[in-house]
Amino acid sequence: MAILRAEHLSKSYQMGEIEVKALRDTSFEIQEGEFVVILGPSGSGKSTLLNIIGGMDLPTAGKVFLHEEEITVYHERELTEYRRNKVGFIFQFYNIMANLTAEENVELATEISQNPLPIDEILEAVGLSERRDHFPAQMSGGEQQRVSIARAVAKNPEILLCDEPTGALDFQTGITILSLLRKVNRDMGKTVIVITHNADIAYMADRVIKMRSGRIIDDHINENPVAVEDIKW
Amino acid sequence: MVTRRNKFRIHKIDTMLMRMIGHSKGQFFAVLTIILIGIATYTALNMTSINMNNTVETYYRENNFPDLFLQIVAVPSQEAERLKSIEGVREAMGRVVIDVPLVTENEKERVNLRLITTTGAETELSRSTLIKGKMISDSGSEALLIEQFANARGIDVGDSIHIQVGGRQHTLEVTGIVANPEYIYLMENVQSLAPDDRKFGICYVSEQFGRQAAGLSGSFNEILIRYDDNAEEEALIDEVEDALDLYGVKQTIKQKDQLSNAIILQELTQLDTMANSIPILFLLVAGLILMMMLSRLVKKDRIKIGVLKAIGYRNSQVLMHYVKYALIAGFSGGSAGAILGMALAGGMTKLYLDFFNIPLLRIEFYYSFLLYAVLLSSVFCVLSGMIGARGVLWIAPADAMHSEAPKSGKRILLERIPFFWKRLSFSSKMVSKNIFRNKKRSLFVLAGITLTYAMMLFTTSMPDVMNQMMNEHFREFQKMEYNISFRNPVHQAAAGDLEHLIKVDYMEGKLEYPFELTNGNKKQAVSIIGLDRDTKFYTFRDVNGEKIKIPKRGMLISENIANALDVDNGDLVQVKSYIPNREDVYIQVQGVIKQTLGINAYMDVDTMGETLLEKNVINGIYANSGDPDLYEELIRASNIASVMSVADTRAVYDQYMTMMALSIGSMVIFSGILGFCIVYNATIVSLGEREMEFSSLRVLGFSKREIFFMIVRENNGIMIAGLLLGVPVGNMMADYSSAAFSTDMYTLDMSPTMNALIMAAVYTIGFVLLAQLATYRKIRKLDFLQALKNRES
């Protein structure tokens with residue numbers, strides 16, 4: 001069953017006198033519990049797509065449905081509710097709050113969500129139980145990204161949206177983070193969408209969507225996803 | 001599924017806020033200090049004002065303070081009773097008032113005592129409150145002494161005092177020490193400037209003694225009146241004056257013009273003005289600082305705001321996160337300020353009451369002010385916070401994740417003047433560009449320094465202004481050493497008799513009488529002074545500063561009379577005499593003169609005698625004398641009413657100036673704190689905003705000191721402009737204050753002097769440099785390399 005469906009999405013915006021077409025008539029479906037990798041070079045429109053599915057931006061044309069409910073008609077307030085309860089974001093540069101500890105960063109999100117997961121369990125799951133009282137400045141990049149994952153997962157969202165989650169990390173740490181995302185996907189049953197320009201990450205995905213110049217050029221099911229540990233780049 | 005552990009815990013977004021405050025504690029405390037001062041001033045001054053107003057009102061009510069005072073040549077006792085039949089007169093009574101010299105052990109000391117008769121009745125108008133001892137009996141030589149004078153001279157109940165009346169010495173036994181609403185502020189007359197409790201006192205005696213001393217058997221020379229609540233004052237005064245016309249009304253004084261009351265009213269009005277203007281000024285500055293800080297913070301926190309919104313925080317929640325910063329500053333500064341203000345209010349009220357000598361003590365704490373004050377500062381800060389942080393609303397979460405496009409560079413105004421621009425060094429060019437780059441903040445610092453300097457200028461001008469006023473009056477305008485008044489007028493030729501008593505270097509006769517000057521419906525009671533046309537004791541200058549002489553016909557009037565009556569050169573003024581059976585006379589204004597102290601008109605002494613009184617009379621002399629026994633000799637003379645020494649008046653003034661230094665000092669500190677906080681905050685904000693730029697400079701090889709001095713140069717550039725702008729602003733404040741503080745008693749010309757310009761500049765520069773030194777610590781602590789790595793900077 002499709003958890004997310006996009007129909008003929010287009011997005012254009014003005015940059016000075018030039019009209020930039022970030023998305024052009026893009027349609028796809030994502031099934032519940034899938035681990036999806038959206039692959040594409042810079043400027044292919046993948047971040048714009050993620051922002052629209054994440055309720056952070058609205059398309060110029062087209063529709064997005066979550067469980068058959070159209071989110072592209074939502075107003076500001078409904079979009080906020082959507083971001084609050086239905087999706088969790090993980091960013092390339094972690095974007096965790098510098099003046100909150102690991103645990104507090106997670107609580108920042110759980111405090112406003114309707115159905116949060118137990119913080120202790122989440123911190124345990126991402127391997128940060130021992131570092132819960134540390135501030136970001138006292139943690140490595142990988143640890144900070146774990147906090148970011150914990151913050152996204154703890155809200156108990158239906159979909160995790162990850163924008164280049166390994167982009168700022170070294171290979172080994174990147175692998176650890178991908179394993180964690182896979183674990184969240186498999187063990188918790190969360191749908192995970194990862195956007196990346198790193199083609200190697202696509203090997204672990206259940207579904208791969210390739211983009212170029214605002215269009216989907218390929219959308220296929222990966223019949224044999226490889227184990228994260230086997231990925232190399 | 002789990003959930004919240006405790007309903008009342010602090011939300012993490014608030015934890016973030018508290019840590020944000022902790023991180024910027026220097027700036028936060030700077031704002032807090034300004035709010036605290038503003039609110040403490042608001043609470044303290046308002047509560048003092050209410051307490052003072054209530055106390056004075058109660059004191060006046062309980063002691064039957066009169067609504068009207070009429071000084072009369074002599075009015076038969078029964079006339080006072082008859083006045084009660086006039087509509088609107090609730091109470092009327094007569095009394096005898098006479099100024100006499102006190103005989104002291106130091107025969108050279110000039111001490112005047114005002115004898116006032118009292119019946120001691122509960123219903124008596126201007127009733128005294130007994131502080132110590134007992135009231136006097138109806139007859140005999142018992143006396144009550146006013147508290148300020150008794151304290152100053154160490155006179156107590158049971159002591160005897162000696163007075164000189166009509167050439168004879170009398171002894172009075174002090175039975176009680178009293179306070180009286182008429183002499184809350186104990187001043188001999190308008191010229192006294194400030195109370196001198198050792199030199200002038202009030203002594204209440206029986207009617208019998210008073211009449212005997214004044215030579216008024218069966219009569220009074222003053223009538224006191226209280227009105228009905230709904231009485232029409234002007235109509236009532238006309239009717240009372242008509243009824244007493246026969247007896248020679250010398251002067252009619254309304255309650256609002258009664259010397260002590262007028263000073264108190266003026267003081268209370270000034271207190272009210274300060275209570276409402278100073279706090280607003282401080283809150284405005286605090287509000288502006290908060291706006292600047294928050295708008296900067298929002299820009300800096302762009303990504304953080306985007307993330308909060310991406311997580312699911314609403315616009316309103318994120319906005320409130322920043323507004324709460326302002327609210328906490330407003331609430332905590334307001335609460336602490338209100339508590340401090342309350343603590344100060346008690347002390348201030350007591351100080352005022354002690355200063356004014358009011359025996360009642362009605363210090364009440366109006367707790368509602370706590371609420372008002374906290375509400376005022378909170379609302380003010382929240383509004384400032386909302387304006388400052390409103391940028392939160394326009395940050396879209398999707399855009400916030402990208403770096404902001406750099407602002408397009410523009411040429412500054414100076415660059416368009418190539419002649420000037422080419423001659424600047426590279427670093428001066430950078431400093432100039434930086435000043436113009438963030439115009440809003442530069443303008444804010446400029447306004448802050450301008451305000452600080454203007455306030456400093458205004459404050460430091462005060463002593464100079466007062467000194468100048470004194471010098472102008474006592475050295476340039478008047479030059480006599482003694483002003484001697486006679487009890488009764490004498491022929492001009494008789495003035496020479498004085499030379500048998502005292503050694504006089506030079507003297508001139510004078511004729512000084514109160515009159516009412518009228519122009520249309522405008523009236524003003526003034527003393528007209530008759531002088532030799534070639535007087536050496538006065539130098540008159542018109543409003544343009546040109547010297548003018550007393551005309552043969554007509555009169556010169558001081559500027560404040562001209563304004564009050566709306567008359568100018570050449571206009572005719574109606575002169576109404578208080579002496580019975582005198583026709584009103586019209587006299588032409590021949591010149592409007594500058595006079596800083598007092599309100600007077602001047603005429604040729606002969607013309608004045610002829611036109612308004614009697615030919616060839618004088619009622620006093622001005623004299624210069626080195627005679628050490630002058631005072632001692634004069635008080636023995638029967639026709640001497642008073643001897644005023646200019647040196648004594650100046651001495652009192654000097655004492656008053658010492659007191660003033662304290663309030664000037666505190667104003668300088670307050671103004672300095674404002675300047676300090678503005679410059680400190682603006683610099684810290686600027687540092688935060690330019691971390692990347694400074695980091696790049698560090699990489700290029702600039703030292704922390706060099707970067708610090710670059711900021712110092714920017715601030716100094718603005719400071720110089722601020723000082724220059726501060727001069728006209730300070731002048732404007734001075735002009736406004738000249739108008740506001742000038743009264744019938746004195747005309748203030750508050751134009752800042754060179755000394756004040758320099759002192760104010762020194763203080764302002766001092767506080768600005770201090771603020772910059774405080775920011776140096778921050779510069780040292782900034783991790784420039786980290787800033788280069790930090791995407792948010």
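This tour proceeds from the whole of chain B to its domains, then to selected strands and a helix, and ends at the contact between chains A and B. The model is predicted.

**Chain B as a whole**

Begin by selecting chain B alone. Its C-alpha atoms fill a box of roughly 100 × 70 × 50 Å along the principal axes. Colouring by secondary structure displays 23 helices and 22 strands. Of the 793 residues of this chain, 43% count as buried. Among contacts in chain B between residues at least 6 apart in sequence, 84% connect residues at least 24 apart.

**The domains of chain B**

Next, colour chain B by domain. Domain 1 takes residues 6-66 together with 267-401, and domain 2 takes 67-263. Domain 3 consists of 416-479 and 648-793, while domain 4 covers 482-625.

Keep domains 1 and 3 of chain B in view; their C-alpha centres are 24 Å apart. Domain 1 of chain B contributes 15 residues to the contact, and domain 3 of chain B contributes 15 residues. On the domain 1 side, select helix H2 (25-62) and helix H7 (259-300) of chain B, each of which supplies at least two of the residues touching domain 3. That side of domain 1 of chain B comprises ten nonpolar, three polar and two charged residues.

**Strand E6 of chain B**

Now select residues 142-146 of chain B, which form strand E6. Five of the five residues of this strand are buried, so E6 of chain B is largely enclosed by the rest of the structure. Show the side chains to compare the two faces: B:Glu142, B:Leu144 and B:Ile146 lie on one side, B:Ala143 and B:Leu145 on the other, and all are buried.

Which strands pair with E6 of chain B? Strand E8 (residues 168-179) of chain B pairs with E6(B) in the parallel sense over five bridges; here B:Ile146 stands opposite B:Val178. Strand E9 (residues 200-205) of chain B pairs with E6(B) in the antiparallel sense over three bridges, and B:Leu145 stands opposite B:Cys203.

**An exposed alanine**

Move to B:Ala235, which is located in helix H6 (residues 233-244) of chain B. Is B:Ala235 buried or exposed? B:Ala235 is exposed, because 12 other C-beta atoms lie within 10 Å and a residue with 12 or fewer is counted as exposed. Add B:Glu87 to the selection: it is 148 residues away along the chain, and its C-alpha atom is separated from that of B:Ala235 by 9.7 Å.

**The six-stranded sheet of chain A**

Turn to chain A and display its open sheet of six strands, ordered E6-E7-E8-E3-E9-E10 with mixed pairing. Strand E6 (87-90) and strand E10 (215-221) of chain A are the edge strands, each pairing on one side only. From one strand to the next, the twist averages 15°.

At the E6 edge, strand E7 (residues 159-163) of chain A runs parallel to E6(A), and four bridges join the two. Select A:Gly88 and A:Leu160 to see residues that stand opposite each other in this pairing. Then add helix H5 (residues 141-154) of chain A, which lies across E6 and E7 of chain A at about 175° to E6(A).

**Where the chains meet**

Finally, show both chains. The contact involves 25 residues of chain A and 23 residues of chain B. On the chain A side, helix H2 (76-85) and helix H3 (102-110) each supply at least two residues. The residues of chain A that touch chain B divide into twelve nonpolar, seven polar and six charged.

Note on methods
Residues numbered from 1 in each chain as written. Chains lettered and ligands numbered in written order. Predicted model: local features only at pLDDT ≥ 70, side-chain atom pairs only at ≥ 80, totals over all residues. Domains from an automatic or database assignment. Contact = placed C-beta atoms within 7 Å. Nonpolar A, V, L, I, M, F, W, Y, C, P; charged D, E, K, R; others polar. Buried ≥ 20, exposed ≤ 12 C-beta atoms within 10 Å, placed from the backbone. Pairing = 2+ DSSP bridges. Axes fitted to C-alpha atoms, helices over the stretch in contact; angles between N-to-C directions.
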